[in-house]
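I opened the model with a notebook beside me. These are my entries, in the order I looked things up.

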Amino acid sequence: MTYHKHLLWTALAAFLLLLGGENVVGQETIVIHDVTVIDGTGAPRRVHVDLVLSSGRIASLNDSRTYRHPANARVINGQGKYIIPGLIDMHAHVAGDVLNERGEPGDRWDRGVALSFLRTFLQFGVTTIRDPGAITADALLLRRLLAEGKVIGPQFFTAGRILNNSNFRPPGFAPVHNETDVVNEIRWQALAGVDFIKIYSSMPPHLTAVAIKEGHRLGLPVIGHLQRTTWTEAARLGIDGIEHAAPWSATYLQEESRAAMPEGMFARVYWLQHLDEAQIDEMIALLAERQVVVDPTLMATMYTKFWADDPRVTQNPDLAHVPESLRRGWAVGGFTKDWTPAQFAEAKRSWPILLGLIKKMYDSGVPLVAGSDTPTPWIVPGASLHDELKLLSEAGIPPLQVIRIATSNAARALRRQHEFGSITPGLRADLVLLSANPLDNIANTRSIDLVIQNGRVLPAAR
């Protein structure tokens, strides 16, 4: 980002903080003239469109060759440009603990880091985020301040503390040891006003069942980062969403290979190499049948781990958007920092297996969304979601559908598809104007000319 753009964002921040008011809705009428619309639904692109925005909403889509602009409308030239819905990051931890400079989980969320992240998301066209596990009170305060326009950042949906059946006790986790603990924590989070419930890898099936039942009784979706409960079991129990690209449960390995599965992060490489395809096919068929939403987080799940020895990860220019203290923590706290060169090489050879697993889910009709899992080491807010889209494309998913995954699919998973997530009249005007065609190359989602949030035109990072 240039120095002048930094000043512009600082000035905008001060202005919006002074404004206050519900969502700081853009009040002017805007016409984006003669633009190509990629509406986020998976429908073919529409060319020569005059897109009209009014009072923070999408008012109409018109033929630019015949449409007469409203008097006093602000006209933005869209000739030769492409417009997509605002991107949605479905896995962005903003109100939880972050790694300190020693690479250890901090004692409490870092407000400065969180506010920096929120501004950066917007610069990269991410207009909505879902925080799947946070310090409950802090996350709900942040959600309110964002909704009131007192803090700059994306629209914000959040879980509370992650339910965890172990003694892992960072502030963003709630240890639960029995059914009563599970019910009490979920009821408290529901009273506090969370948007959904998140459960963690150590939860056994009987407690997972309790969490899903209680969450649904209270009208809250339940998602999970699961391992002890298999994805197949969770789908049968009625879970709404699953995080990350693979379950890593030994159940999905060839029977003769299960006992030799190693401990630690390298176990994931072994897991990919010893899959029982019949078990995987059964799992995917059930996920598709029950329409369980899967958020692969390919960037965090494995890419930045498998390539943590590569300067393209650890010296990525996007890291300039991350506070220095956090970069230092990432450098010393990486999950694969102790791997040997041979282990990194073996991991990279296994990468296509993981991409193939995601493609099989897509081909089978499993609903996918896109998430980055910031602030996992080397995951830059906003920028890394574009990298995630690139990996989904490399898995063999067409760019038009990758955009759908990152927009309308995500809005549907949030149960807000009638409010935002596509370029449809009546929906919230969250949009990204691009100077290059993302259907030619999904990497062109980075070619951002401007970002529109709730009808307000914002500057964007290059």
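**Entry 1: the pocket.** I needed terms before anything else. On a 1 Å grid over the protein atoms alone, a cavity is a set of points where a 1.4 Å probe fits but cannot get out; a pocket is an open set with protein on both sides within 12 Å along at least five of seven lines, and its lining residues have an atom within 4 Å of a point. Grid points are joined across faces, edges and corners, and the volume is the space filled by probe spheres set on the points. On those terms, the largest pocket holds about 1000 Å³ of space. I counted 37 lining residues, and the closest to the centre are F168, F173, Y200, H225 and F335. Helix α9 gives the most to this lining, with 3 residues.

**Entry 2: ground rules.** This is a predicted model, so I noted that local features need pLDDT of at least 70 and side-chain atom pairs count only at pLDDT 80 or more, while totals for chains, interfaces and linings use all residues. Residues are numbered from 1 along each chain as its sequence is written, and side-chain values use heavy atoms, with hydrogens and water left out. Helices (H or I, at least four residues) and strands (E, at least two) are DSSP runs, numbered from the N terminus.

**Entry 3: strand β1.** I asked how enclosed β1 is. Buried means under 20% relative accessible area, exposed over 50%, and partly exposed in between (1.4 Å probe, protein chains only). In β1, residues 30–37, 7 of the 8 residues are buried, so the strand is largely enclosed by the rest of the structure.

Next I looked up its partners. Two strands pair if DSSP finds at least two bridges between them. β1 runs parallel to β4 (residues 74–77) over 4 bridges, with I32 opposite I76. It is antiparallel to β2 (residues 46–54) over 5 bridges, and there V35 has V49 as its bridge partner. With β5 (residues 82–85) it shares 2 bridges in the parallel sense; T36 is matched with Y82.

D34 caught my eye in β1. Its phi is positive, about 60 degrees, although it is not a glycine. D34 counts as buried because its relative accessibility is 14%.

**Entry 4: the β2–β3 hairpin.** β2 also pairs with β3 (residues 57–63), antiparallel over 6 bridges. S54 has R57 as its bridge partner. The hairpin has 2 residues between the strands, and S55 takes a positive phi near 50 degrees. H48, in β2, has a positive phi near 55 degrees. At 35% relative accessibility, H48 counts as partly exposed.

**Entry 5: helix α12.** Does the span of α12 agree or disagree with its 24 residues? The expected span is 1.5 Å times one less than the number of residues. For residues 341–364 that gives 34 Å, and the end C-alpha atoms are 36 Å apart, which agrees.

I found a kink of about 30 degrees at S350, shortly before P352. The bend at a residue is the angle between axes fitted to the seven residues ending there and the seven starting there. The buried residues of α12 include F344, W351 and M361. Contact means heavy atoms within 4.5 Å. The buried residues pack against elements including α8 (277–290) and α13 (383–394). Just after α12, G365 takes a positive phi of about 95 degrees.

**Entry 6: a cis bond.** P375 sits in the loop between α12 and α13. The peptide bond from T374 to P375 is cis, with omega near 5 degrees.
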